[in-house]
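Hi everyone, thanks for coming. I'll take a few minutes to walk you through some spots in the protein on the screen.

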Amino acid sequence: MDFTFTDEQQMLRDAVSGFLAARYDLVKSRTAVKSGPGWQPEIWRGLAELDVLGLTLPEETGGSGGGPIESMIIAEELGRALVVEPYVDTVVVGGGLLRRSGGERTGELLRGIADGTVRLAFAALEPQSGEVRHDVATTARRDGDDWVIDGSKIVVTGVPVATHLIISARTAGERRDQDGISLFLVDFDPAGPPAGVEAHQYRTIDDRAAADLTFSEFRVPANALLGEEGRAWPVIDATIDEAIAAVASEAVGLMRKVLDDTVEYTRQRQQFGVPISSFQALQHRMVDMLIELEQSIAAAYLAAYAVEAEPAERARAVSAAKVTIGRATRFIGQNSVQLHGAMGMTEELAIGHYFKRLTAIEYEFGSSSDHLARYIAATKP
């Protein structure tokens, strides 16, 4: 398999990297998430102008027709800069659900994603479901020309900055059935949720904006249904795998930055009159970190290449990447903090913020244990 980027892909990497190096300041970003709106709208507009938001969307909807490799490149650079703006939530998850579902509003919304005016959040996880996204107790029932939704969703990332919400709800079947799940698209204003929706907003440990949602007799029009009624699970499954591949690439970008900063710190920090990078035990530790990083890079590449494969092959590659990345984020994150000493967890030093995001990624879209079990199941004849 050839992992060499084309000239166009390398230009994309350079463009995104250059934009973030020039305009994305970590201190300003942390201020925005802790005491401001939770994100930087001007950065989002800049990404739209750079065509980052539309690059992987279909050409007929204002995108550039790119694929998972382009998404991998973008996600890695966003990770390296520790970007909190909702690229995966909106472009990968939201855009993926829209592309695979179809519907009368799909073209309009995909164009909105590309130009930066539409931001999406996917309400899928429920209090009892863990990471089993087909464990859906939220229901949607017909009432005249409308649908009425009742239930709860938790840890819906991106809600506080979203303009639209996609909700998974059961329209038929039992709680854990894969059949009978439908998707509903609704306009959403987090400052004033519509009647029938209660939103509890908060920040996650890695400074992402999220919310828990409760739906009580939430009435939506008939055209809110995305795709075919009761047939949404294959769409959700494929889209979440694409999101996992993107987050794996984000983790690679994070770990590259963390390892580079750690190596540089050990060259500057002195003990007994010499840089601590000269200590053989620490050299061995950093070599182990590099090995974990290289394994993660290979796993992330494999996952990106498998996004468009048939379901069993895709599941194996994506879950293998999630397990590999989960182990590496823990090892590299914890060792980088340790090698920085007590400074590693301070707000003033970037390494602490990167460590929080690496810790969250280990459990995002399922833990290593979840994906190890999924990989085993996908390899059975």
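**A quick tour**

Let's start with Val-287, which counts as partly exposed because its relative accessibility is 44%, and partly exposed covers what falls between the 20% and 50% cut-offs. Keep in mind that this is a predicted model. So where does Val-287 lie? It's in helix H8, which covers residues 280-306. If you look from Val-287 over to Asp-261, they're 26 residues apart along the chain, and their C-alpha atoms are separated by 14 Å.

Okay, on to the strands. Strand S6, residues 197-203, and strand S7, residues 209-221, run antiparallel. How many bridges join S6 to S7? Seven. One pairing you can look for is Arg-203 with Ala-209, its bridge partner in S7. The two strands form a hairpin, with five residues between them.

Now, backbone angles. Most residues other than glycine have a negative phi. Here are some that go the other way. In the turn of that hairpin, Asp-207 has a positive phi of about 70 degrees. Glu-217, found in strand S7, also has a positive phi, near 55 degrees. Is Glu-217 buried, partly exposed or exposed? Its relative accessible area is 46%, so Glu-217 is partly exposed.

Last stop: Asp-51, in the loop between helix H3 (41-49) and helix H4 (68-80). Phi of Asp-51 is positive too, near 70 degrees. With a relative accessible area of 26%, Asp-51 is partly exposed.

That's my tour, thanks for listening!

Conventions. Residues are numbered from 1 along each chain as its sequence is written. This is a predicted model: local features need pLDDT of at least 70, side-chain atom pairs count only at pLDDT 80 or more; totals for chains, interfaces and linings use all residues. Side-chain values use heavy atoms; hydrogens and water are left out. Two strands pair if DSSP finds at least two bridges between them. Helices (H or I, at least four residues) and strands (E, at least two) are DSSP runs, numbered from the N terminus. Buried means under 20% relative accessible area, exposed over 50%, partly exposed in between (1.4 Å probe, protein chains only).
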